[in-house]
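Biologist: I am new to this structure. Please take one part and go through it closely, then show me what else is worth a look.

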Amino acid sequence: MTQGFQAWQPPSEWQRQEYSTRADNGHYSSAQQLKQRMGQSANGRKGPGFRRAFQRFLILLSLVVIAGFVLLYGIRLLSPSENNTSEAEIPEPTVPKLDYSDFRPGRIITDQAMSDWDSMDEKQIQDFLNKVGKGCRPGESTFSSLPCLKDYTMNVPSRPADTYCSLPYDGKENASAAYMIAQTSKACQINPKVLLVLLQKEQSLLTASSYRLVPRKYETATGYACPDNSQCDPTYFGLDQQLYYAARQFQRYRVQPGQYSVKAGITNEIKYSLDSDCGVQQVYVENWATAALYNYTPYTPNAATLAGNSDDCSQYGNLNFYGLYKVWFGDPGIEGRAGG
């Protein structure tokens, strides 16, 4: 504050009496001058002195409020927390870089790798979903947010054993995706790693996040009953049904190989694409598990695709199955490795 300057203060009773006496003695020429000396205008409004003091008061109050917010925010930053990294700072999941080297069209996966149904239990499956889906943001559905796969739950019914799924499936309320995968693997004797890869290959469900995570991904999670040349059958919509009937279909390929076009132990014509002009490749299919993959997704990658040069005939379905399995669990086409 400038030296010698004093903010206006309301006059005391003694000052009022002094001003009144001076006015009576002629020191002030009018009542207007008296009011101005007392900080009031002639019409009764506050004078300049009062307004300056009030403005200083508001400035001081604002500084106190700002200082309070700064202090509270500083305490919050310095306080210990179990997780100091906010969700916004955690990057969303990304699709892993795939390694297609050593891909063999006639032996994509061993029978052992396809059938190793107890290679992961429910907890291990959940841990894997948490790891791959770290940073996932919920998607959006019509009425609410759509949970990430690692957080997804739904009520699932029990299913009896049959010719293809030899053990019963135990239903449960609010079953997690990990529970559904574990139950499907047990009931149909299909490796849970195969089902995890299938979910990613078909709908990128393990890494789908925010605007990329839509209801359709759960409705057609494994691509079951979704032929390339027609609409998906809504009878089989839903994560639980997609998992169960895909695994069951793999066993149908094993139990009834004569009913399907690609067979193990012989040379088969495998298409490069749905477009017949793209041609075919003669592939000797070594085992039933590889035949099952081709019957489920009836294409093999052409030379351009394998060289990393996509063209109009490129199909990545079975190649991505191999690459995803390999990067997550080991080469599925080699006996005795992590994949098989």
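Modeller: Start with the cap. In this predicted model, asparagine 191 caps the N-terminal end of helix H7. A side-chain oxygen of asparagine 191 lies 3.0 Å from the backbone nitrogen of lysine 193. Helix H7 itself covers residues 192-203, which makes 12 residues. From its first C-alpha to its last, H7 reaches 17 Å. That is close to the 16 Å expected at 1.5 Å a residue.

Is H7 enclosed or not? Of its 12 residues, 11 are buried, so the helix is largely enclosed by the rest of the structure. The buried set begins with Pro192, Lys193, Val194, Leu195 and Leu196. It goes on with Val197, Leu198, Leu199, Gln200, Lys201 and Gln203. Note that Lys193 appears twice in this picture: its backbone nitrogen faces the cap, and the residue is among those buried. Just after H7 comes serine 204, with a positive phi of about 50°.

Next, the empty space. Rolling a probe the size of a water molecule over the atoms shows where such space is left. The structure holds one cavity of 30 Å³ or more. The largest cavity has a volume of about 50 Å³. Which residues line the largest cavity? They are Leu129, Gly133, Cys136, Cys148, Leu149, Lys150, Leu205, Leu206 and Ala208. By type, the lining divides into seven nonpolar residues, one polar and one charged.

Now the disulfides. The count comes to four. Number the bonded cysteines in sequence order, and the pairing reads 1-2, 3-4, 5-6, 7-8. Three of the links can be followed here.

Take cysteine 165 and cysteine 188. Their sulfur atoms are 1.9 Å apart. The torsion about the S-S bond is about 85°, so this disulfide is right-handed. Cysteine 165 lies in the loop between strand E3 (153-156) and strand E4 (172-176), while cysteine 188 belongs to helix H6 (residues 177-188), so the pair ties together parts 23 residues apart in sequence. Both cysteine 165 and cysteine 188 are buried.

Cysteine 226 is joined to cysteine 232, with 2.1 Å from S to S. This link has 120° about the S-S bond and is right-handed. Cysteine 232 has 19% relative accessibility, so it counts as buried; the cut-off is under 20%.

The link of cysteine 278 and cysteine 313 has its sulfur atoms 1.9 Å apart. Which hand does this disulfide have? The torsion about the S-S bond is about -80°, so it is left-handed. The pair links distant parts of the chain, 35 residues apart. Cysteine 278 sits in the loop between strand E5 (267-271) and strand E6 (280-284). Cysteine 313 sits in the loop between helix H11 (303-306) and helix H12 (317-329). At 13% relative accessibility, cysteine 278 counts as buried. Cysteine 313, at 18%, counts as buried too.

Last, a side chain with two contacts to the backbone. Glutamine 241 has its place in helix H9 (residues 239-255). Its side chain reaches the backbone oxygen of threonine 235 at 2.8 Å. A polar atom of the glutamine 241 side chain also lies 3.1 Å from the backbone oxygen of phenylalanine 237.

How values were computed. Residues are numbered from 1 along each chain as its sequence is written. This is a predicted model: local features need pLDDT of at least 70, side-chain atom pairs count only at pLDDT 80 or more; totals for chains, interfaces and linings use all residues. Side-chain values use heavy atoms; hydrogens and water are left out. Helices (H or I, at least four residues) and strands (E, at least two) are DSSP runs, numbered from the N terminus. The expected span of a helix is 1.5 Å times one less than its number of residues. Buried means under 20% relative accessible area, exposed over 50%, partly exposed in between (1.4 Å probe, protein chains only). A polar contact is a pair of N or O atoms within 3.5 Å; within protein, one must be able to donate a hydrogen and the other to accept it, and residues adjacent in sequence count only if both atoms are side-chain atoms. On a 1 Å grid over the protein atoms alone, a cavity is a set of points where a 1.4 Å probe fits but cannot get out, and a pocket is an open set with protein on both sides within 12 Å along at least five of seven lines; lining residues have an atom within 4 Å of a point. Grid points are joined across faces, edges and corners, and a volume is the space filled by probe spheres set on the points. Ala, Val, Leu, Ile, Met, Phe, Trp, Tyr, Cys and Pro count as nonpolar, Asp, Glu, Lys and Arg as charged, and the others, Gly among them, as polar. A disulfide is a pair of cysteine sulfur atoms within 2.5 Å.
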